[in-house]
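Biologist: Thanks for sitting down with me. Could you show me the model, and then let me quiz you on the words you use for it?

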Amino acid sequence: MTNAHRKRIESGLLIFAAWTAAAPVYATHLYLFHTLRNQPTTFLFQLAEACAHFWVWAALTPLVLRTARRIAPARMPWPRIVVLQIAAAIGVAALQLTLHVFVDQTFIHRDLDLAILPERFMRTFTRTFYANLLIYALLVIGSWILQAKTEREVRAAHMEAQLTHAQMDALRSRLQPHFLFNALNSIATLIRHDPGAAEMMVTRLGDLLRNALSSDGRQLVPLADELALVERYLDVERVRFEERLGVDIRVSAGLETALVPPFLLQPLVENAIRHGIGERRGPLRIEIEASQIDGTLRLRVSDDGRGLEAARKEGLGLSATRNRLRQLYGDACRFDLRDRSPHGVDATIEIPLREGVEPEVSG
């Protein structure tokens with residue numbers, strides 16, 4: 001069974017259940033009406049009458065919803081919509097009335113006498129036809145409202161995806177001039193003094209840029225892929241700073257497949273190196289940790305550099321990271337930057353722990 005077939009069955013069952021739930025309310029109204037007029041009846045008989053009425057509506061509801069989708073404000077001007085919907089309302093109301101009388105006479109009264117059908121039809125017409133028009137109008141308006149809400153949500157999700165991709169592009173474009181300028185300067189220096197190291201740095205820089213600038217449309221990637229990008233970045237920086245840069249990466253077992261936004265850790269590591277080393281002569285130690293606590297993935301990038309005072313303000317990379325996290329996770333995420341004791345900075349990100357493969361986003 002295909003997903004589309006399954007959804008149609010589920011939708012049909014939901015429609016049938018909704019109309020069936022309304023039957024006892026209408027049956028109570030009918031029972032009280034006849035009882036107060038001293039007309040002999042039973043609640044079960046009136047319930048059967050109500051079910052006959054509403055089950056016919058349940059059968060016609062998919063037709064009404066299809067009509068509402070085809071004759072809709074998004075497809076044609078309002079004058080044409082009004083004319084077509086009035087015609088459709090009269091047709092559906094008459095069809096419901098005809099089927100109701102047929103089902104009622106066949107299964108409730110068990111007397112399908114063609115001679116009394118016209119009289120029975122007219123009596124039911126005066127009692128339910130205008131109510132049928134109202135029911136049709138409510139179904140159409142409800143369908144339009146739900147369709148408009150769904151379209152707004154789809155547009156909002158598409159816009160968020162576009163904004164996320166735009167921010168990732170901004171991060172990539174930032175990586176190119178800022179990081180590439182420093183790396184090329186280092187390569188130029190190494191060519192004269194250490195050609196082997198210069199060749200190694202060119203190779204690692206090429207690997208990094210190829211990985212950073214590629215995009216397959218995913219908003220989430222495995223943590224292992226993100227750490228591989230960070231390792232390529234660090235390979236280049238290690239050639240540049242040599243023994244002045246030390247890095248320790250610790251990942252709890254099983255978290256390699258945890259899903260994270262792409263290009264999440266590199267800006268934090270770059271920020272730590274840029275503001276942590278500065279003019280200092282001593283080595284900089286950076287720690288990258290990934291752990292989980294009660295279904296939450298915690299990522300921490302810490303250094304023993306000069307602290308937040310050296311950074312002065314949050315740059316493009318950290319601001320874009322904060323905005324991307326807010327768009328993807330809302331209030332379910334946390335991003336903190338704080339001084340650590342005795343010196344340095346702790347950058348901590350907490351997001352819901354998700355594992356698996358994130359599908360690609362088109363467009």
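Here we go through some terms and what stands behind them.

Biologist: What kind of model is this, and what is its average pLDDT?

Modeller: This is a predicted model, and the chain averages a pLDDT of 83, with 85% of the residues scoring at least 70. Over residues 359–363 the pLDDT is below 50, and this stretch has nine contacts in the model beyond near neighbours in sequence. Where pLDDT is low, the predicted coordinates should not be read in detail.

Biologist: Why is threonine 124 called buried?

Modeller: Buried means under 20% relative accessible area. Threonine 124 has a relative accessible area of 2%, so it is buried. This residue is found in helix H4, residues 117–193. Leaving out residues up to four places away in sequence, threonine 124 touches Leu97, His100, Val101 and Phe129.

Biologist: How do helices H2 and H3 cross, and which residues make the contact?

Modeller: The axes of H2 (residues 43–70) and H3 (residues 78–108) come within 9 Å and cross at roughly 150°. The crossing is right-handed. From H2 the contact includes Phe45, Val56, Trp57 and Leu60, and from H3 Val92, Leu95, Leu99 and Ile108 are among the residues taking part.

Biologist: What makes up that contact of H2 with H3 by class?

Modeller: There are 14 nonpolar, five polar and two charged residues. Trp57 of H2 is in the contact, and Trp counts as nonpolar. Glu49 of H2 and Asp104 of H3 take part too, and Glu and Asp count as charged.

Biologist: On to the sheet. Why are E2 and E6 said to stand at the edges?

Modeller: The open sheet has five strands in the order E2-E4-E5-E7-E6, with mixed pairing. Strands E2 (245–251) and E6 (334–339) each have a single partner strand, so one side of each is left without a neighbour in the sheet. Neighbouring strands are turned by 10° against each other on average, direction ignored.

Biologist: How do you know that E4 and E5 pair?

Modeller: Two strands pair if there are at least two bridges between them. Eight bridges join E4 (residues 284–293) to E5 (residues 296–303), so by that cut-off they pair, and they run antiparallel. Glutamine 292 stands opposite leucine 297 in E5.

Biologist: Which helices lie across these strands?

Modeller: Helix H6 (residues 223–241) lies across E2, E4 and E5, running at about 165° to E2. Helix H7 (residues 266–277) lies across E2, E4, E5, E6 and E7, running at about 150° to E4.

How values were computed:
Residues numbered from 1 in each chain as written. Predicted model: local features only at pLDDT ≥ 70, side-chain atom pairs only at ≥ 80, totals over all residues. Heavy atoms only, no water. pLDDT = per-residue confidence, 0-100. Contact = heavy atoms within 4.5 Å. Axes fitted to C-alpha atoms, helices over the stretch in contact; angles between N-to-C directions. Helix = DSSP H or I, 4+ residues; strand = E, 2+ residues; numbered from the N terminus. Left-handed = near helix turned anticlockwise from the far one by under 90°. Buried < 20%, exposed > 50% of the residue type's maximum accessible area, 1.4 Å probe, protein only.
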